[in-house]
Amino acid sequence: MTSVVDIEVFNGIFTSIAEEMGIILARSAFSSNMKERRDFSCALFDREGEMIAQAAHIPVHLGSLAATLAHIRRNFTLAPGDIAISNDPYGGGSHLPDITLVEGVFAEDGELLFHVLNRAHHADVGGASPGSMGLASSIAAEGVRIEPSLLQRAGRPDQLFLQSFLARVRNPEERLGDLRAQQAALTRGKKRLLDLAARHGHARLREISAGLQDYSERVMRATIRTVPDGCYRFTDHLDDGGAGAAQPLAISVELTIQGEEALVDFRQSAPQVASPVNTVASVTGSATIYVFQCLAGNTFPINSGSSRPLRILTRPGTLLDAVFPAPVAAGNVETSQRIVDVLMGALAQAIPERIGAASCGSMNNIAIGGIRRDGRPYTYYETIGGGMGGRPSSAGLSGIHTHMTNTMNTPVEALEHSYPFLVTRYGLRLGSGGRGRNPGGDGIVRSYRFLEPAELSLLTDRRRFPPYGLAGGGPGKKGVNILERQGKKKRMPGKVSIETRPGDILHISTPGGGGWGRPDRDSGGPRQADS
């Protein structure tokens, strides 16, 4: 029998193990994207492949890990000492830079007890553009696609696999270092779980794991019961798909609440396009699960049980359920954000007193690569935060990552130490939050001055359609991308790949959040505007 005390204690224990895995990964990683921005996620799964606990890492990673593990388990029966690897978006992954490692945790007699997993965004996995985040028209041009394989067999690295992978990326030393950091995190998680099993016994931990999942299901069912029964519809748009797909792209949801269950139907969304804004069903599911977990609050165990009352419908061949060979690099980072906005917009019709206005709505992705003067290649990737939407209870926060991303800031000092460009400006974009009784938070202005020639890719959104306000609040300001060359400034598209010259300056102004509530005469007014 699993008591409430057991649930609280062991949820804390399992979660702390996942968090410790993340600490090991960050301290061991080579790339700034992992060691500074913490662009990775760690989680624990039971032997059946159901999530037990996760660290407070990246929502878009965590919600889709179960699909990746299921795909790997269909291809391999993991043995002691095996580590599986995959980044296949069509096999439960997200996009190619996100590489997932999986290892089984076995008792001395060979019984499978748990799985430990992590997913980390690598700064480059080959392809046509440095950083593997360019305007590709097919998955093949986005980089190396790793269908489920063994990185390690019976404790020994698969050198043939490693050599093949590293030969196709731009910075093999950094990639190898980051992979080893992921392996180190698995080792720590495995050790902690084996210690736990020795202390409490295998059968007891299985009972507690099942109890945690059942409790999360009960909490989610109770949460859904607080939403009035009915059918709620909402549509929002991505600005466009970039080159070759210049028209707005609709994301539509029909949300049906009946008792303690929710049917989430995305089948009327736009068809997939020949640009990287497509996403796969696992990411659509991840965004949906995230929204309902937000409704439930942060005081209950987050695991596979919380998704049981949700039924998610997508249509293959559409923007939210892309099929091979559609490119998907931006779907994970941009389209996932719009899925959240659409679901929140639908829920606002049912429970307006609980739903905030739209946040920034873009991860504002920037990838830079080139060859240093000493002949060494480099790749750099980061996302930039924006404004949080105003909420029924308070104003939105400024200069923060929201929703499907949970990464940290790359310190200017770390960036300039490692790469041939300078950050000439970094601050809040004052006045960019939407007006309202509770105004939206302000976005960010970040400017980069290039010291050497480089290839630049931007995948950004909310440059045409601003983050919406709610309950009479105003929209946040749209984002702006500008390239300054020899003193002349030129506005760039939201999604673009170009070559930069020494002395060029890139200015990124990210969107502010929408406002909530009609502004009072003395509240919600903008501060000094900054475009």
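Colleague: How many bridges join strand β12 to β13?
Modeller: Keep in mind that this is a predicted model. Strand β12 covers residues 365-371. β12 and β13 run antiparallel. The bridges joining them number six.

Colleague: Which residue in β13 stands opposite Ile 366?
Modeller: Look along the antiparallel pair of β12 and β13. Ile 366 falls within β12, residues 365-371. Its partner position lies in β13, and the residue there is Glu 382.

Colleague: What is the strand order of the open sheet of four strands?
Modeller: The pairing in this sheet is antiparallel. β13 (377-382) is an edge strand and pairs on one side only. β19 (495-500) is the other edge strand. Read across, the order is β13-β12-β16-β19.

Colleague: By how many degrees are neighbouring strands of this sheet turned against each other on average?
Modeller: Take the sheet β13-β12-β16-β19. Direction is ignored for this value. The average is 10°.

Colleague: Which are the edge strands of the sheet β14-β15-β20-β17-β18?
Modeller: This open sheet has five strands with antiparallel pairing. An edge strand here pairs on one side only. The two are β14 (421-429) and β18 (488-492).

Colleague: What does the twist average from one strand to the next there?
Modeller: The sheet in question is the open one of five strands. From one strand to the next, the twist averages 20°.

Colleague: Which residue in β15 stands opposite Arg 429?
Modeller: β14 and β15 run antiparallel, joined by eight bridges. β15 spans residues 443-450. Opposite Arg 429 stands Gly 443.

How values were computed. Residues numbered from 1 in each chain as written. Predicted model: local features only at pLDDT ≥ 70, side-chain atom pairs only at ≥ 80, totals over all residues. Heavy atoms only, no water. Pairing = 2+ DSSP bridges. Axes fitted to C-alpha atoms, helices over the stretch in contact; angles between N-to-C directions.
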